[in-house]
Amino acid sequence: MAHASGPSSVPPGSPAPRRGRVLRTVIQVLGELLVTAGVVLLLFVAWQLWWTNVQANDRHEQVVQGLADTFDGGSRGGPARSQAEPEGLLSDSGPPPVTEAAGPQEPFGIMYVPRFGEDYMRPLISGVGPQVLDKLGLGHYPETAMPGAVGNFAIAGHRQTHGKVLDEIHTLVPGDKLYVQTAAGYYTYVFRNKQIVLPHRSDVLLPVPTRPGAESQERIMTMTSCNPRFGDEERIIAYSVFESWRPLAAGPPPAIESQVEAAGK
Amino acid sequence: MYGWMFRHLPGPLWMRIVLSVLLLAAAVVLLAQFVFPWLEQFTPLTDSTIGAAHIP
């Protein structure tokens with residue numbers, strides 16, 4: 001009797017191990033999927049905070065080099081004539097020339113900011129869409145003035161990711177010089193002050209920033225980026241004021257001579 | 001799941017290891033090329049413009 005009870009207990013017992021096996025498999029697959037999701041998220045962080053910078057820096061370098069080549073070509077016609085002119089006429093002679101507005105997503109200038117690093121040079125592109133800011137460089141708000149014009153020359157750049165072109169914006173000290181190179185020449189701006197505002201404050205882009213209706217007499221450069229450094233709850237704004245200009249043929253301002261040389265290489 | 005996949009890869013052990021590495025690399029490339037750029041629009045790091053030009 002006791003022997004017969006053995007086999008008779010097997011049929012009710014056999015589905016239980018199978019259920020257990022299925023459950024184990026389900027839990028194991030679920031666990032592996034969750035671990036995979038965690039690894040993918042870590043990969044995403046690495047991709048965004050590191051790899052997008054590598055890619056963007058590479059592209060910016062190419063765009064800067066292309067610009068430097070076109071500027072070189074443009075100024076090559078000039079030197080013979082410019083050498084004949086007295087040095088005094090070459091730099092800061094009268095109101096600066098202003099180039100025509102560039103077409104959408106077109107590069108038109110190079111920005112040099114010694115405060116951001118000895119080798120800081122970034123392309124200036126028309127437009128502030130993700131296509132520009134994520135891929136090409138500093139974006140120029142197309143509805144604002146061009147460099148050197150009376151009014152507000154406003155640009156945007158990433159604080160983090162995609163080259164983090166304005167990561168160091170908070171380190172600017174009043175009096176710091178920022179240099180913009182276009183086909184017309186070199187413009188020197190002097191950093192004046194910064195401001196932290198909410199993202200909807202488009203009045204910082206006005207010809208006289210934050211003063212609607214005011215008549216603009218100064219040549220302002222406004223840079224916008226996200227704030228805090230790893231967030232976008234606010235915007236950090238840096239205002240600079242035009243100081244001087246010199247034609248391309250006069251050569252770069254001494255402070256950025258080595259960078260300009262490096263840009264062409 | 002991964003154990004099952006590894007067991008069902010063809011070839012000897014070294015080939016299965018090579019194939020696993022290749023599959024892994026392909027997954028990473030797919031993620032970086034297509035998935036992450038799309039996913040990025042939902043992260044708050046990338047918005048540096050202001051006002052009317054606001055880009056989500």
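**Exercise 1. What does the secondary structure of chain B come to, in helices and strands?**

Solution. This is a predicted model, in which local features need pLDDT of at least 70 and side-chain atom pairs count only at pLDDT 80 or more, while totals for chains, interfaces and linings use all residues. Residues are numbered from 1 along each chain as its sequence is written, and chains are lettered from A, with ligands numbered from 1, in the order in which they are written.

Step 1. Helices (H or I, at least four residues) and strands (E, at least two) are DSSP runs, numbered from the N terminus.

Step 2. With these terms, chain B comes to two helices and zero strands.

Step 3. For comparison, chain A has six helices and eight strands, and from the N terminus on its elements run α-α-α-α-β-β-α-β-β-β-β-β-β-α.

**Exercise 2. Work out whether the length of helix 2 of chain B agrees with its number of residues, and describe its kink and its surroundings.**

Solution. Step 1. The expected span of a helix is 1.5 Å times one less than its number of residues.

Step 2. The 27 residues of helix 2 of chain B should therefore span 39 Å, and since the end C-alpha atoms are 36 Å apart, the two values agree.

Step 3. Helix 2 of chain B has a kink of about 40°, centred on Leu31(B), where the bend at a residue is the angle between axes fitted to the seven residues ending there and the seven starting there.

Step 4. A residue is buried if 20 or more other C-beta atoms, placed from the backbone, lie within 10 Å of its own, exposed if 12 or fewer, and partly exposed in between. Of the 27 residues of helix 2 of chain B, the number buried is one, so this helix lies largely in the open. In chain B, buried residues make up 12% of the 56 residues, and in chain A 36% of the 265 residues count as buried.

**Exercise 3. Describe the side of chain B that touches chain A.**

Solution. Step 1. Two residues are in contact if their C-beta atoms, placed from the backbone, lie within 7 Å. The contact takes 21 residues from chain B and 33 residues from chain A.

Step 2. On the side of chain B that touches chain A, helix 2 (residues 13-39) of chain B gives the most, with five residues.

Step 3. The residues of that side divide into 13 nonpolar, six polar and two charged, where Ala, Val, Leu, Ile, Met, Phe, Trp, Tyr, Cys and Pro count as nonpolar, Asp, Glu, Lys and Arg as charged, and the others, Gly among them, as polar.

**Exercise 4. Follow the strands of chain A around their barrel, and give the sense of pairing for some of the neighbours.**

Solution. Step 1. Two strands pair if DSSP finds at least two bridges between them. In chain A a closed barrel of eight strands runs 1-2-3-4-7-8-6-5, with mixed pairing.

Step 2. Strand 1 and strand 2 of chain A pair in the antiparallel sense over five bridges, and Tyr112(A) stands opposite Met121(A) in strand 2. Strand 2 (residues 121-126) is mostly covered, as six of its six residues are buried.

Step 3. Strand 2 and strand 3 of chain A pair in the parallel sense over three bridges, with Gly139(A) in strand 3 as the bridge partner of Ile125(A). Gly139(A) also has a bridge partner in strand 4 of chain A, namely Ala156(A), and two bridges join strand 3 (residues 138-140) to strand 4 (residues 151-156), which run antiparallel.

Step 4. Strand 5 of chain A is joined to strand 1 (residues 107-112) by four bridges, and these strands run antiparallel. Strand 5 and strand 6 of chain A pair in the antiparallel sense over five bridges, and they form a hairpin with two residues between them.

**Exercise 5. Is Arg192(A) buried, partly exposed or exposed, and which residues does Arg192(A) contact?**

Solution. Step 1. Arg192(A) lies in strand 6 (residues 185-197) of chain A.

Step 2. Because Arg192(A) has 16 C-beta neighbours inside 10 Å, this residue counts as partly exposed.

Step 3. Leaving aside neighbours within four places in sequence, Arg192(A) is in contact with Pro174(A), Tyr239(A), Ser240(A) and Val241(A).
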